[in-house]
Amino acid sequence: VGDSADIDREVTSICPFCGVGCQVSLKVKDDKVKYVEGINGPANEGRLCVKGRFGFDYIHHPHRLTKPLIRRDDAPGKGLNVDPANWQAHFREATWDEALDAAAGGWTALTERHGGRAIAGFGSAKCTNEEAYLFQKLIRQGFGHNNVDHCTRLCHASSVAALLENVGSGAVTATFNEIEHADVAIVIGANPVENHPVAATYFKQFTKRGGKLIVMDPRGVGLRRFATHMLKFRPGADVAMLNAIMATIVEEELYDRQYIAAYTENWEAERAHLAAFSPEKMAEVCGIPAEELRAVAREFATARAGMIFWGMGISQHIHGTDNSRCLISLALMCGHVGRPGTGLHPLRGQNNVQGASDAGLIPMFLPDYQTVTDDRIRGHFAKIWGASDFSAEKGLTVTEILDAVHAGQVRGMYILGENPAMSDPDLTHAREALAKLEHLVVQDIFLTETANYADVILPASAFYEKDGTVTNTNRQVQIGRAAVAPPGEARADWAITAALANRLGLNWSYAHPSEVFAEMKRGMPSLDNITWERLEREGAVTYPSLSPEDPGQPIVFGSGFPREGGRARFTPAMVIPPAELPDADYPMILTTGRQLEHWHTGSMTRRATVLDAVEPEANCSMHPATLARLGVEPGDPVRLTTRRGAIEIMARADRAIAEDMVFVPFAFVEAAANILTNPALDPVGKIPEFKFAAVKVEKIKDN
Ligand code: SF4
């Protein structure tokens, strides 16, 4: 924290890390951000966590890309061998004209030989709404198909699939701040104290005023100290546990008959299905005593107002969609949707994963989740874009695109702000795909692990260097403002994508992101009554906004759902075991995730001075009894091995973790967790099972 007398200007923007979307005031001197303070945004009311407050100086790191780069003809092969301090052995600097020509020229050469499907794109939830919109537009208009996706596929795709299926909308039904009006709240498969820290402060306050907090997670996550019930259920047993809770509500007739009759469908099928899941039968499966399952069921069902929050512990399973279906059914049968203090809220991960998905950066939907298979909808967007029609076939998802590279169907890619060489499951497979690409264009702010594989690298802008809107987990559309200039010749992402589009002959002419936003509004009813000018003036508007004066609706679906007939649906879920169970060779359970100080693949936070100082080393966590059994002291290195590969990593003790489990954060390239993870997919959401794999843990012998 600095001295306000020592700054040139203050600029208001949005924290670039998690989906909470805290508003910040950036204190700038000599074109450098000196310090950051929280301001009174709708989601944070002045609060910030350690990342928002201290994690900003990566934007001034000497590793920032400042000029376009092109791979040298004599470069020593593609792979993770580029030292940021010695990149000249692999790449040469180029002018923007030369780099844009090379980028677009490479794609054009491939499409002439193999057709438009030879090119695919990964956009980013780290970019603005306008940038996400332009990215999907470039792939659809420029190459004629829908093979475009982003990290929602690795995050909450299964939650969105279940919400769209059963309530007709992929976003939250109520803001997390609504917990203020709840009597009871369930937080399941989420660790908000580390991953949504400012939201966690609201959850803690809720308990201080007497709210009942029910935490469910195989790990004893940080909120356990505030919980009325902490259910440390067996990993992968989500559906068994949730069905047992719902079976109690049915058996003890605690459900909301009037709500079910007025607002839902398929109740009788759900009720019949649940008869097989009594808590007494499921207790052994999920590892929670029957009486505690019954107590939780009574607590939630009899409350006046209840909310359900969930994270990637729910979504990142091959049964992730089923997990979310259960949570939706639980809320519906209790009538806990559409009123103050009620609602369904998947805590979105990235700062703009909600907005990027809304903007159409997904292979099956155009903006606002309008299906690509509908001729009328495609025709509408083609008209807005002044383009010819494009494919009516749903596109490939993140992991399917890399599989298509291996199959020789995709030969070139455009990757903006994503880091699949670190974030995808089974990294060896993912990295081999990146190496196999004939023409890879990477647009980023650092020479990421993925940029190591690039043929052309385009230097982009950090969030605090550009104007644009983002949408947080609460459906709040907020405006970010440029506080400092990008370094060197780096440019805003929207401007780079537009320049590439014009190299492809698409004839785009945007002078500012506000013009892109205006175009988005023509195809996105969710943005009705939200204008750039309003956002400039008000800072944030929640969608839906019902009039130019309405700040937006924090709670939706009080009088019906956006489904045919206006009713939400119960979809029964069966128990499906994880794809890879522990056995004699791999006897423990691997689970992965984030930790407080580091953001996703670490490209930003490991270059943020304070955050890197606090958490500098790759680590994994196990129960002290597990370490003792292995003969390992905290701080010792261990080897973790799965059927995909092995890493060596420092061990930590954590009593909150089950004795048959190891937790590994995925931010550290030197011990990349995703070398180990299982690429098996949820069949609906197409999300990999990052939360469960069979693993062997060994002490590394002393020399
Ligand atoms: Fe940033 Fe999320 Fe922390 Fe808020 S809670 S400061 S948005 S990382």
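In this predicted model, the side chains of strand 17 are split between two directions: His439, Val441 and Gln443 point one way, while Leu440, Val442 and Asp444 point the other way. In a regular strand the side chains alternate between the two faces of the sheet. Neither set is left uncovered, as every one of these residues is buried. The strand spans residues 439-444, and 6 of its 6 residues are buried, which means that each has under 20% relative accessible area.

Strand 17 has a pairing partner in strand 16, residues 412-416. These two strands run parallel and are joined by 5 bridges. Within this pairing, Met413 stands opposite Leu440 of strand 17. Strand 17 also pairs with strand 18, residues 456-459, again in the parallel sense, over 4 bridges. Here Val442 stands opposite Ile457 of strand 18. Leu440 and Val442, the residues named in these two contacts, belong to the set that points the same way as Asp444.

The ligand is a separate topic. The space it takes is the second largest cavity. Two elements give two or more residues to the shell around the ligand: helix 1 (50-54) and helix 6 (197-208). The ligand's surroundings include Lys51 and Gly52, along with Pro197 and Val198. The shell also holds Cys15, Phe17, Cys18, Gly21, Cys22, Leu48 and Cys49. By class, the residues around the ligand are 8 nonpolar, 2 polar and 1 charged. Lysine counts as charged and glycine as polar, so the charged member is Lys51 and the polar ones are Gly21 and Gly52.

Conventions
Residues are numbered from 1 along each chain as its sequence is written. This is a predicted model: local features need pLDDT of at least 70, side-chain atom pairs count only at pLDDT 80 or more; totals for chains, interfaces and linings use all residues. Side-chain values use heavy atoms; hydrogens and water are left out. Buried means under 20% relative accessible area, exposed over 50%, partly exposed in between (1.4 Å probe, protein chains only). Two strands pair if DSSP finds at least two bridges between them. A residue is near a molecule or strand if one of its heavy atoms lies within 4 Å of it. On a 1 Å grid over the protein atoms alone, a cavity is a set of points where a 1.4 Å probe fits but cannot get out, and a pocket is an open set with protein on both sides within 12 Å along at least five of seven lines; lining residues have an atom within 4 Å of a point. A molecule sits in a cavity or pocket if more than half of its atoms lie within 2 Å of its grid points.
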